[in-house]
Amino acid sequence: MTQANEAQDKADLPHVRTARDASDDEKLRRNPSNEDAKLDVGLDETFPGSDAPSNTQPGKGKDPAPSSGYDPEAEAELAKSK
């Protein structure tokens, strides 16, 4: 492959940003409650993984966890009967 062909091959590739973005880390340091900064840092940390960052999962962060059907009163009654 010639140098001209190698240069053309590189020019045809899309730009890929680095896996860690220092500006995202700085935004999070300045404001630890910034949801966008948390997401950006989480995405950077999991790239190129397929799992979403934990702050986007149900029951994480602001949203309440989905109910598992656990009933503390019913459990207490069951414990008494044993």
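## Overall picture

Only a small share of this chain is tucked away: 9% of its 82 residues count as buried. Keep in mind that what you are looking at is a predicted model. The exposed surface comes to about 7,000 Å², and carbon and sulfur atoms supply 53% of that area.

On the secondary-structure side, there are four helices and zero strands. Reading from the N terminus, the order of elements is simply α-α-α-α. As for contacts, take the ones with a sequence separation of 6 or more: pairs 24 or more positions apart make up 18% of them.

## Helix α3 and its buried side

Helix α3 covers residues 35-46, twelve residues in total. From its first C-alpha to its last, α3 reaches 16 Å, close to the 16 Å you would expect at 1.5 Å a residue.

Which residues of α3 are buried? They are Ala37, Val41, Gly42 and Asp44. These residues span an arc of only 160° around the axis, so they sit on the same side of α3. What do they pack against? The partner is α2, the helix at residues 22-30.

There is also a nice detail at the start of α3. A side-chain oxygen of Asn34 comes to within 2.9 Å of the backbone nitrogen of Asp36.

## Salt bridges inside α2

How many salt bridges does the structure hold? The count is six. The general idea will be familiar: side chains with opposite charges can pair when their charged atoms come close. Two of the pairs to look at belong to α2.

One is Lys27 with Asp24, whose side chains meet at 3.7 Å, N to O. Both residues lie in α2, three residues apart, which is about one turn of the helix. Are these two buried or exposed? Asp24 counts as buried, since its relative accessibility is 5%, under the 20% cut-off. Lys27 is partly exposed, with a relative accessible area of 31%.

The other pair is Arg29 and Glu26, with the closest N and O atoms 2.8 Å apart. Here too both partners lie in α2, three residues apart, or about one turn of the helix. Arg29 counts as exposed because its relative accessibility is 57%, over the 50% cut-off. Glu26 has 35% relative accessibility and counts as partly exposed.

## A bridge from α2 to α3

Lys27 has another partner: Asp40 forms a salt bridge with Lys27, with the closest N and O atoms at 4.0 Å. This pair links distant parts of the chain, with Asp40 in α3 and Lys27 in α2, 13 residues apart. Asp40 is partly exposed, at a relative accessible area of 24%. Through shared partners, salt bridges join Asp24, Lys27 and Asp40 into one network.

If you are wondering about that 4.0 Å value for Asp40 and Lys27, the criterion asks for a side-chain nitrogen of Lys or Arg within 4 Å of a carboxyl oxygen of Asp or Glu.

## Glu26 across to Ala37

Glu26, in α2, is worth a second look. Its side chain makes a polar contact with the side chain of Arg29 at 2.8 Å. How far is Glu26 from Ala37 in sequence and in space? The two are eleven residues apart along the chain and 8.8 Å apart in space, C-alpha to C-alpha. Ala37 is one of the buried residues of α3, and the buried residues of α3 pack against α2.

## Just before α4

Further along, Asp71 lies in the loop between α3 and α4, the latter being residues 72-81. Asp71 counts as partly exposed, with 35% relative accessibility. A polar atom of the Asp71 side chain lies 3.1 Å from the backbone nitrogen of Glu73.

Technical notes. Residues numbered from 1 in each chain as written. Predicted model: local features only at pLDDT ≥ 70, side-chain atom pairs only at ≥ 80, totals over all residues. Heavy atoms only, no water. Expected span 1.5 Å × (residues − 1). Buried < 20%, exposed > 50% of the residue type's maximum accessible area, 1.4 Å probe, protein only. Arc of directions from axis to C-beta. Contact = heavy atoms within 4.5 Å. Polar contact = N/O pair within 3.5 Å; in protein donor to acceptor, adjacent residues only side chain to side chain. Areas by Shrake-Rupley, 256 points an atom, 1.4 Å probe, with all protein chains shown as cover.
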